[in-house]
Amino acid sequence: MRKCLAMMLACLLCFSAAGALAEGFSLAGYDGGSSTAHDWSTNYFFTAMENLTGLTVTTTQYTEQQAWTKAKQDMLNGDATLPDALFKAELTPTETLELYEAGVLIDLRPYLETAMPNLYALLQANPDWEKAISLPDGAIVALPLINELQNNNAMWINKSWLDTLGLSVPTTAEELTEVLRAFRDRDPNGNGKKDEVPLEFLSMWDLRFLGHAFGLVSDDYNLYVDDNGQVQTTLTKDENRAFLTWLHSLWEEGLLDTSGFTTADSLRAITDSSAAITYGVMLAPTPLSLVPNSALSQYELLMPLTYEGKQVYRDLLGDVVRGTFAVTSACEDPAQVLSWLDYLYTEEGCRLVQAGEEGVDYQFNSDGTWSWIPANEEVTSSVLPNKTIADGGIQPGLSSVSFQLAFDQKETRNLITQLAELKKVSVQPMPLVTLTEEQNERVKDIQADLGAYAEVAMTRFVTGEIPLNDETWQDFCQNVHDRGIDELISIWQEAIQ
């Protein structure tokens, strides 16, 4: 408690000092797309922050992604007047490094301890987060969104079908196979048609999430760090061969969606609430990605299948979203700007960003949950676009797990609670680090060839276009080595040291 009070006092002192130094600053960034209708010039968030800090913020909002990308390039080329800071900056690691090396962005590390006590405490308690936002030379140039409960590509199983057929939730690859067979053969949706899709997926990328059932958890480069801190690849492991053999048997039995390698994501969604539900197990961030809200209650998260007595799953996004905020070399008082931002790394700042004004837009209930005060229609049409700032571009700050879990809408809270359980057994295969420019270019070259080859080859193994036997497996492994997996491993090994 004393530590929290001290941190809040330090934060308030920073606000006070900042207000004495200057009246405000300017920022620019991206906040657009179909998911949001924010207008920074009138949004309550900036008014609330001015009331809290005494600092007036002059904003330049880009609502088109292409225009913001061009604006960042203009800054790099010296063809633009720099704002003091970039908010919802959407900076890739490459852009961050380039803008820093060009002198457009500055190193924020020297300011964090005194100007940002809340963020500094979070980084001190979580060294991996600090490493994730650090450049190869140790500079911290772009600040993150920290969210320990980001979306994942989870397995969702039709619990209603399990209940209808009298089946238990599967816990191993073998048990899942039996459940999928029952979904295929026993008409669990009860419409008298053989229209059930036992396991719905999109591309080999989706299917690789099932590799956990054979102990395989890797990133998009097919890499992971073993218990000894060594970078390894899952591609050539015997477990990968066993995994692909299992997938091929599912394909041959008609247990995988036959259009899973050819359809588009938008064509998979069942949008008609009166249509028959045909999906048994789905790989998706949420069931609502593929089925209407009326079918949401049918699904529950399928926890990771066990392999050799253990449960493990890929943590797709980790806790840190990089590149959300930066300060430019035009800023005369970086500490002032960072003190303003530090409030967003608190629980109170999280609530302001996500829910607006307490007592007006949302309230805490006697049971510890929170709920919207206006009707749902008003929340959607007015509160979210005009009084919050969380959607659209990704904002810096903290997205509090406790606040997410306390939402009083039953169905939403149930989904979030299940994802929190999945998080407990999920791991990031590789730590987040920033490569040097030379390393990054070499990785892109290798991955363009190796990644494409591995994706296609594994797809062909699954469909049987290439029989999976000793000869074809050895040829696959040799191709993986010939196309640069060892160099890729070496680059990442050096980067994570």
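# Close-up views of a predicted model

**View 1. The open six-stranded sheet.** In this predicted model, an open sheet of six strands follows the order 2-1-3-14-4-17 with mixed pairing, where two strands pair if DSSP finds at least two bridges between them, and where helices (H or I, at least four residues) and strands (E, at least two) are DSSP runs numbered from the N terminus. Strand 2 and strand 17 (397-399) stand at the edges with a single partner strand each, so one side of each is left without a neighbour in the sheet. From one strand to the next the twist averages 30°, with axes taken as lines fitted to C-alpha atoms, for helices over the stretch in contact, and angles running from 0 to 180 degrees between N-to-C directions. Residues are numbered from 1 along each chain as its sequence is written, and side-chain values use heavy atoms, with hydrogens and water left out. Because the model is predicted, local features need pLDDT of at least 70 and side-chain atom pairs count only at pLDDT 80 or more, whereas totals for chains, interfaces and linings use all residues.

**View 2. Strand 1 and its two partners.** Strand 1 (residues 24-30) is mostly covered, with five of its seven residues buried; buried here means under 20% relative accessible area, exposed over 50%, and partly exposed in between (1.4 Å probe, protein chains only). Strand 1 pairs with strand 2 (residues 56-62) in the parallel sense over seven bridges, and Gly24 stands opposite Thr56 in strand 2. Between these two strands the chain passes through helix 2 (residues 44-53), in a β-α-β crossover that is right-handed, a term used if, with the strands pointing away from the viewer, the path from the first strand over the helix to the second runs clockwise. Strand 1 also pairs with strand 3 (residues 85-87), in the parallel sense over two bridges, and there the bridge partner of Ala28 is Leu86.

**View 3. Strand 14 and the helices that lie across the sheet.** Strand 4 and strand 14 (residues 320-327) run antiparallel and are joined by four bridges, with Val321 in strand 14 as the bridge partner of Leu145. Helix 13 (residues 334-342) lies across strand 1, strand 2, strand 3, strand 4 and strand 14, running at about 140° to strand 14. Helix 3 lies across strand 1, strand 2 and strand 3, and runs at about 125° to strand 1.

**View 4. Lys88 and helix 4.** Lys88 is found in the loop between strand 3 and helix 4, and its phi is near 55°, a positive value in a residue other than glycine. Lys88 is buried, with a relative accessible area of 0%. In helix 4 (residues 93-101), the residues Glu95, Thr96, Leu97 and Leu99 are buried, and what covers the buried residues of this helix includes helix 3 (65-77), strand 4 (142-147) and helix 18 (437-463). After helix 4 comes Gly103, whose phi is positive, near 85°.

**View 5. The crossing of helix 11 and helix 19.** The axes of helix 11 (residues 238-252) and helix 19 (residues 470-482) come within 12 Å and cross at roughly 125°. That makes helix 11 oblique to helix 19, since angles under 35 degrees count as roughly parallel, over 145 as roughly antiparallel, 65 to 115 as roughly perpendicular and the rest as oblique. The crossing is right-handed; a crossing is left-handed if the near helix is turned anticlockwise from the far one by less than a right angle, and right-handed if clockwise. Asn240, Arg241 and Leu244 in helix 11 meet Asp470, Trp473 and Phe476 in helix 19, contact meaning heavy atoms within 4.5 Å.

**View 6. Leu235 in its loop.** Leu235 lies in the loop between strand 8 (231-233) and helix 11 and is buried, with a relative accessible area of 1%. Leaving out residues up to four places away in sequence, Leu235 touches Asn222, Asn240, Ala454, Met458, Trp473, Phe476 and Val480. Leu235 and Cys477 are 242 residues apart in sequence, yet 7.6 Å apart in space, C-alpha to C-alpha.

**View 7. Strand 5 between two antiparallel partners.** Ala154, Trp156 and Asn158 point one way from strand 5 (residues 154-158), whereas Met155 and Ile157 point the other way, and all are buried. Strand 5 pairs with strand 9 (residues 279-284) in the antiparallel sense over four bridges, with Leu283 as the bridge partner of Met155. Three bridges join strand 5 to strand 10 (residues 299-301), again antiparallel, and in strand 10 the bridge partner of Ile157 is Glu300.
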